[in-house]
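Please take a look at the chain below. A short report on its fold, a helix and a surface patch comes after it.

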Amino acid sequence: MNDTINTHYTHHTYPYYNEDRGTDMTVRKNITMPDEEYQIISDYSKKTGISFSELLRKAALKFIEESEKQSLTEFLNANCEFVDDLEQEDLERILKDADLDISHAEEIDINELF
């Protein structure tokens, strides 16, 4: 049995009515996921009376909201691999050779990078 639901990429935009926002435009996307995950989400959707799409939309927005609350350090630790020892030594040498004054350095927010 295939454990992945295979779909093809499509992108459609349709007008629809949303009670919270009034008339709006919506985008239709197809996604691919393992059958087991689909069943878990689908079962929960049926139990709560929330459509499958609405459940995924709300979960994605909540995930983004929580991720954007992270400090830059937390974001980098969660989303980026550490460099190997050799690369770390190179970076430390470059910083030492640059002779930077970091006494007034401040942490920046992840949103300041983009």
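The report starts with the whole chain and then turns to local features.

## Basis

This is a predicted model: local features need pLDDT of at least 70, side-chain atom pairs count only at pLDDT 80 or more, and totals for chains, interfaces and linings use all residues. Residues are numbered from 1 along each chain as its sequence is written, and side-chain values use heavy atoms, without hydrogens and water.

## Whole chain

The chain has four helices and four strands. Helices (H or I, at least four residues) and strands (E, at least two) are DSSP runs, numbered from the N terminus. Their order from the N terminus is β-β-β-β-α-α-α-α.

Of the 114 residues, 10% count as buried. Buried means under 20% relative accessible area, exposed over 50%, partly exposed in between (1.4 Å probe, protein chains only).

## Helix 1

Helix 1 spans residues 35-48, 14 in number. Its buried residues are Ile41, Ser42 and Ser45. They share one side of helix 1, because they cover an arc of only 100 degrees around the axis. The arc is that of the directions from the helix axis to the C-beta atoms.

Glu36, Ile40 and Lys47 are exposed on the other side of helix 1. Cover for the buried residues of helix 1 includes strand 4 (33-34) and helix 2 (52-68). Just after helix 1, Gly49 has a positive phi of about 75 degrees.

## Phe63

Phe63 lies in helix 2. Phe63 counts as exposed because its relative accessibility is 59%.

How values were computed. Expected span 1.5 Å × (residues − 1). Contact = heavy atoms within 4.5 Å.
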